[in-house]
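Here's a friendly tour for anyone opening this structure for the first time. Have the sequence and the model side by side as you read.

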Amino acid sequence: LGDLDRGLPQAHKAPSAAVRLVGLAMTLWRGFVLVLVALSCLPTCWSSYKFGVSLHAVYGTAGVRFAEQPTLVVLNATNAVQNVSGVVVTASAVGMTGLYGNRQATSVLGIAKFTDLGLAGPAGSHTLVFRSPGITSAQSPFTLSVGPARLLKIRTQPSAITLAAEQMSGPILGAKWTNLQVNEPSTTPGSQNTITFTVRPSVTLTSSATMTIGGLAGSPSTSVNVYSDNSCVYYFSATWTQSTGTLLVPIGFSFPCYAGQDIVFSVGMVSPTVSPRPRMTISAAGFIAQAEIPGSGSVGPRWLTASVHESTTNPASMNTLTFTIEPSVDISPGSAISISGLTGSLTSGSNLTIGGQNPSWFSYVGAWDRSTGTLVVTPISYISAGQLVSFSITVQNPLSPRTAVTATISSGAPTHQTTADTTHQTTTAGGTTDGTTSIGTTATSTSGTTVGSTTAAAAATFSDAMSGTVLGASPKWLTKLVSDSPYSSTSTAPGSTNTTTNTTTVDGTTAARRLLETTAPMTTPSPGDTVVTLQVQP
């Protein structure tokens, strides 16, 4: 073009538009070819590169970001660092999905640095892998340790449901009987009986204490015999009041009755003849308040177990009521066992099907009166004393929530007793008459002869409230237990200051409650401390 330019007239020296356009096209083509060559080189130009780990994580803690973050370098085949930028490196954990943080880093002059990697997973040995397309990957082993204990927060959502306040088991945080038992060989009203008490105080009882046993009213005995092997029991100074059925037993004059040790004493008397039998109670004046002796605490025919449980509290739902009973005397075939107080049910009819564990004992049917809420079942065979029997019925709950009811169980069960061919007993103070040794210091005597007969006493009607509430069609506490475990015997000493309550109310209409549970071990109690355990089940 230059040669042509020098031989042309001046008017023709400027290139034409076509020439300029051709020159521009050639320039763009050369650039495009260079870009294609560069792109086609990428997979092969770095094919000889590899990653090297210049800084390993080495150690880590589960759930905590690595203290030393991994750093990668781009190397060639001779392990020389290549000053390349823009290489994207991706990190992953072998066999794990718990790697978190920014899992990608971009190289600058051959160096890629991670900044916030961490691993949430089980403690032990693990491996990190670093990859990028076309470059040989690298691995970095490290050890993960257990993370720190954390607080777990459990939140209950606000609700319109309110569980009524109910008395919890107890008592706690005070002087009490930690063991209360009574045993009697005979439960027949009016029979000669030896009642043995076993009690255990939580505090030491000294000379200013007197045990008071109540609930023995109705005994024909004008005097009783008291005896104990415990040196702290002054049984020879016991006082009996027949009119109130109360026995006073002095304790601790010369030797204290120590906290945590059982006190055992026996009372010889004629069993009360009244029915129903009152529960027996015991207290230690000035130390331990009056407490009812559970279970076998009452004298004579009684229900050792009488409970009822329901399957649902939903309104209008079909509800299975399960009864568990255990009499202290034999219940004869044909005796009526009546459970009353089951009012509010929508179930009508005169008979209900008996199900549960022992339905055959009642011929699978029971008489039902919806208006009075009374179920009557009749055993077709003997229910022996101390035998647990369980049966159930299904009724429909009330349409809307209401106060749950407590059932009462009673039985007019004739009791039977087989006597020996000859019975002759005379008990005197401090000696033996007719081969019978007295057990106390106060004299009482009974004598008589019964020859070769089996007697049936008059029907002994005994009733009791059943444990458990039913047919409320509303939420309730299924379990309400509270207990304390003293770290030392001084923790329940009289006069100690404590703040507690033995009722629990949850009102779901207010703000949600938060319960905190820690995985850290509980601090070891100090002498005088008491560990209180609450167990509830809504």
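## A pair of strands

Let's begin with one facing pair: Thr322 stands opposite Ser392 in strand S28. The strand on the other side is S23 (residues 318-327), which runs antiparallel to S28 and is joined to it by eight bridges. Two strands pair if DSSP finds at least two bridges between them. S28 covers residues 389-396, and six of its eight residues are buried, so this strand is largely enclosed by the rest of the structure. Buried here means under 20% relative accessible area, exposed means over 50%, and partly exposed is in between (1.4 Å probe, protein chains only).

## Where the model comes from

This is a predicted model, in which local features need pLDDT of at least 70 and side-chain atom pairs count only at pLDDT 80 or more, while totals for chains, interfaces and linings use all residues. Residues are numbered from 1 along each chain as its sequence is written, and side-chain values use heavy atoms, leaving out hydrogens and water.

## The whole protein

Strands are what you'll meet again and again: the protein has 38 of them, plus two helices. Both are DSSP runs numbered from the N terminus (helices: H or I, at least four residues; strands: E, at least two). Of the 538 residues, 35% count as buried.

The accessible surface comes to about 28,600 Å², and 56% of that belongs to carbon and sulfur atoms. Such areas come from the Shrake-Rupley method with a 1.4 Å probe; for residues, only the protein chains shown count as cover. Look at contacts (heavy atoms within 4.5 Å), and among those between residues at least 6 apart in sequence, 72% join residues at least 24 apart.

## Two nonpolar cores

A nonpolar core is a set of buried Ala, Val, Leu, Ile, Met, Phe, Trp, Tyr and Cys residues joined through side-chain atoms within 4.5 Å. The largest one has 31 residues, and those with the most contacts inside it are Trp177, Phe197, Leu205, Met211, Ile213 and Ile282. Strands giving two or more residues to this core include S13 (177-183), S14 (192-201) and S15 (210-214). S19 gives the most, with four residues.

What does Phe197 touch? Leaving aside residues up to four places away in sequence, its partners include Gln181, Ile213, Phe265, Met280 and Ile293. There's also a second, separate core of 30 residues, which includes Val308, Leu321, Trp361 and Leu375.

## Rings that meet

The structure holds eight aromatic pairs. In one of them, Tyr235 and Phe236 sit edge-to-face, 5.5 Å centre to centre with 70 degrees between the planes. The rule is that rings of Phe, Tyr and Trp (its six-membered ring) pair if their centres lie within 6.5 Å; planes under 30 degrees apart are stacked, over 60 edge-to-face, and the rest tilted. Ring pairs also link Tyr227, Tyr234, Tyr235 and Phe236 into a cluster.

## Three loop residues

Is Ser271 buried or exposed? With 0% relative accessibility, Ser271 counts as buried. Ser271 lies in the loop between strands S19 (263-270) and S20 (281-284), and its side chain makes a polar contact with the side chain of Asn193 at 3.0 Å. A polar contact is a pair of N or O atoms within 3.5 Å; within protein, one must be able to donate a hydrogen and the other to accept it, and residues adjacent in sequence count only if both atoms are side-chain atoms.

Tyr364, in the loop between S25 (351-353) and S26 (365-369), has a positive phi near 65 degrees without being glycine. At 47% relative accessibility, Tyr364 is partly exposed. Leu471 isn't a glycine either, and its phi is about 55 degrees; this residue is buried at 0%.
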